[in-house]
Amino acid sequence: MSSIRKNTYEDPTTLRDFRGSVVSVECIACDRNTELDRKTLVKQYGASFTFQQLRRRLSLGCPRLISEDGVDRCQTRFPCLTENGLSFSKEDTP
Ligand SMILES: [Zn+2]
């Protein structure tokens, strides 16, 4: 199993890429602030689970994720990623 360094922002960041033990999640729009255990997430979703996918899961309860005009206004993001120099784009790569 080879791990490839992901330096381009187009590569989705996965749980494997994140070295910390705590994944912090925040949504300014919803006034939400959560911390998740990375090991638990890996067990649950697998190490190749991307943060985009994780964001989808986490923002399910967010009323701003899908509004009537179809615009994603949820601001769920992962402060832990930027702290660790990893990129996060909320767009899914096809
Ligand atoms: Zn939200």
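This short report walks through the strands, the nonpolar core and one loop residue of a predicted model.

**Strands**

Let's start with β1, which has two partners. Residues 22-27 form β1, and this strand pairs with β2, residues 32-37, in the antiparallel sense. β1 also pairs in the antiparallel sense with β3, residues 76-77. The table puts the two pairings side by side.

| Pair | Bridges | One residue and its partner |
|---|---|---|
| β1 and β2 | six bridges | Ser 24 opposite Glu 35 |
| β1 and β3 | two bridges | Glu 26 with Arg 77 |

A hairpin joins β1 to β2, with four residues between the strands. Have a look at Asp 31 in that turn: its phi is positive, at about 60 degrees.

**Core**

Next comes the largest nonpolar core, which has eight residues: Leu 15, Phe 18, Val 23, Phe 51, Leu 54, Leu 58, Phe 78 and Cys 80. Helix α2 (residues 51-58) gives the largest share of this core, three residues. Leaving aside residues up to four places away in sequence, Leu 58 touches Val 25 and Thr 76.

**Phe 49**

Finally, find Phe 49 in the loop between α1 (38-45) and α2. Is Phe 49 buried or partly exposed? Phe 49 counts as partly exposed because it has 17 C-beta neighbours inside 10 Å, while a buried residue needs 20 or more. Not counting residues up to four places away in sequence, Phe 49 touches Thr 14, Leu 15 and Leu 54. Pro 12 lies 37 residues from Phe 49 in sequence, yet their C-alpha atoms are 9.3 Å apart in space.

Technical notes
Residues are numbered from 1 along each chain as its sequence is written. This is a predicted model: local features need pLDDT of at least 70, side-chain atom pairs count only at pLDDT 80 or more; totals for chains, interfaces and linings use all residues. Two strands pair if DSSP finds at least two bridges between them. A nonpolar core is a set of buried Ala, Val, Leu, Ile, Met, Phe, Trp, Tyr and Cys residues joined through C-beta atoms within 7 Å. A residue is buried if 20 or more other C-beta atoms lie within 10 Å of its own, exposed if 12 or fewer, and partly exposed in between; C-beta atoms are placed from the backbone. Two residues are in contact if their C-beta atoms, placed from the backbone, lie within 7 Å.
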